[in-house]
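Reader: I've just opened this one and I'm new to it. Could you walk me through it, one question at a time?

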Amino acid sequence: MQAIALLRLLERIEPRPTDVPTDIWMGESEVVVRFEIPGAAPDSLRLSGHRCFLELSGTRGSFAPEGGGRFLIAERPAGQFRKSVELPAPVDLSHVDAHF
């Protein structure tokens, strides 16, 4: 019975779509920012920046279990997200190179 109550409680916890794991590192002549955004189509992403800030926003698609089942654990968030990071130097968006 406790396991069932725990599962019902966990079903109420919604993932936060703003959770975007990010790595930032400096190379010899560049700053590299890597965002992990599974489920987001490249055409849904928007990259913007101002001064020392870079912002990524977009939408992650939802996932449905195959075969009509139901999730026991669903940790991959879906929906709109926005992630801002502060960089060690001002951003010049004309020199930003994005890869998917």
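Author: Sure, and one definition helps before we start: two strands count as paired if DSSP finds at least two bridges between them. Keep in mind that this is a predicted model.

Reader: Good to know. In what sense do strand 3 and strand 4 pair, and over how many bridges?

Author: The cut-off is at least two bridges, and strand 3 and strand 4 meet it, running antiparallel. One of the partnerships is R46 with S57 in strand 4. The number of bridges between strand 3 and strand 4 is five.

Reader: Let me step back a bit. What pattern does the protein chain follow along the sequence?

Author: There is one helix, and there are five strands. Reading along the sequence, you get α-β-β-β-β-β.

Reader: How many residues lie between strand 3 and strand 4 in their hairpin, and which residue in the turn has a positive phi?

Author: The hairpin of strand 3 and strand 4 has two residues between them. Most residues other than glycine have a negative phi. In this turn, a phi of about 55° belongs to R51.

Reader: Is R51 buried or exposed?

Author: R51 sits in the loop between strand 3 and strand 4. Its relative accessibility is 62%, and the cut-off to beat is over 50%. So R51 counts as exposed.

Reader: And S57, is that buried or exposed?

Author: S57 belongs to strand 4. It touches S44, L45, R46, F81 and R82, leaving out residues up to four places away in sequence. The cut-off is under 20%, and because S57 has 15% relative accessibility, it counts as buried.

Reader: How many bridges does strand 4 make with strand 5?

Author: Strand 4 and strand 5 are antiparallel partners. As one example, L56 stands opposite K83 in strand 5. The number of bridges is eight.

Reader: What about the other end of the sheet story: how many residues does the hairpin between strand 1 and strand 2 go through?

Author: Strand 1, residues 22–26, runs antiparallel to strand 2, and five bridges join them. T22, for instance, has F35 in strand 2 as its bridge partner. The hairpin that joins strand 1 to strand 2 goes through four residues.

Reader: Let's look inside. Which residues make up the largest nonpolar core?

Author: Strand 4 (53–60) and strand 5 (79–86) each give at least two residues to this core. The core has ten residues in all. They are V20, F35, I37, A40, L45, L54, L56, F81, V85 and L87.

Reader: Which residues is L56 in contact with, leaving aside its neighbours within four places in sequence?

Author: L56 is one of the residues of the largest nonpolar core. Some of its contacts are core members too, including F35, I37, L45 and F81. The full list is F35, I37, L45, R46, L47, F81, R82 and K83.

Reader: Which residue lies over the face of F81?

Author: F81 is part of the largest nonpolar core. The structure holds zero aromatic pairs. Over the face of F81, at 5.0 Å from the ring centre, lies R60.

Reader: How does P38 count in terms of accessibility?

Author: P38 is in the loop between strand 2 (31–35) and strand 3 (46–50). Apart from neighbours within four places in sequence, P38 is in contact with R60, F63 and R76. Its relative accessibility is 40%, so it falls between the cut-offs of 20% and 50%. P38 therefore counts as partly exposed.

Reader: How far apart in space are P38 and G61, C-alpha to C-alpha?

Author: Along the sequence, P38 and G61 are 23 residues apart. In space, the C-alpha to C-alpha distance is 8.8 Å.

Reader: What separates the C-alpha atoms of M26 and L87?

Author: M26 is in strand 1 and is exposed, with a relative accessible area of 60%. Setting aside neighbours within four places in sequence, M26 is in contact with V31 and P88. M26 and L87 are 61 residues apart along the chain, and their C-alpha atoms are separated by 9.8 Å.

Reader: Last one: what share of the contacts with a separation of 6 or more joins residues 24 or more positions apart?

Author: For background, buried residues make up 14% of the 100 residues in the protein chain. Of the contacts with a separation of 6 or more, the share from residues 24 or more positions apart is 53%.

Definitions and conventions. Residues are numbered from 1 along each chain as its sequence is written. This is a predicted model: local features need pLDDT of at least 70, side-chain atom pairs count only at pLDDT 80 or more; totals for chains, interfaces and linings use all residues. Side-chain values use heavy atoms; hydrogens and water are left out. A nonpolar core is a set of buried Ala, Val, Leu, Ile, Met, Phe, Trp, Tyr and Cys residues joined through side-chain atoms within 4.5 Å. Buried means under 20% relative accessible area, exposed over 50%, partly exposed in between (1.4 Å probe, protein chains only). Contact means heavy atoms within 4.5 Å. Rings of Phe, Tyr and Trp (its six-membered ring) pair if their centres lie within 6.5 Å; planes under 30 degrees apart count as stacked, over 60 as edge-to-face and the rest as tilted. A charge sits over a ring if NZ of Lys or CZ of Arg is within 6 Å of the ring centre and within 35 degrees of the ring normal.
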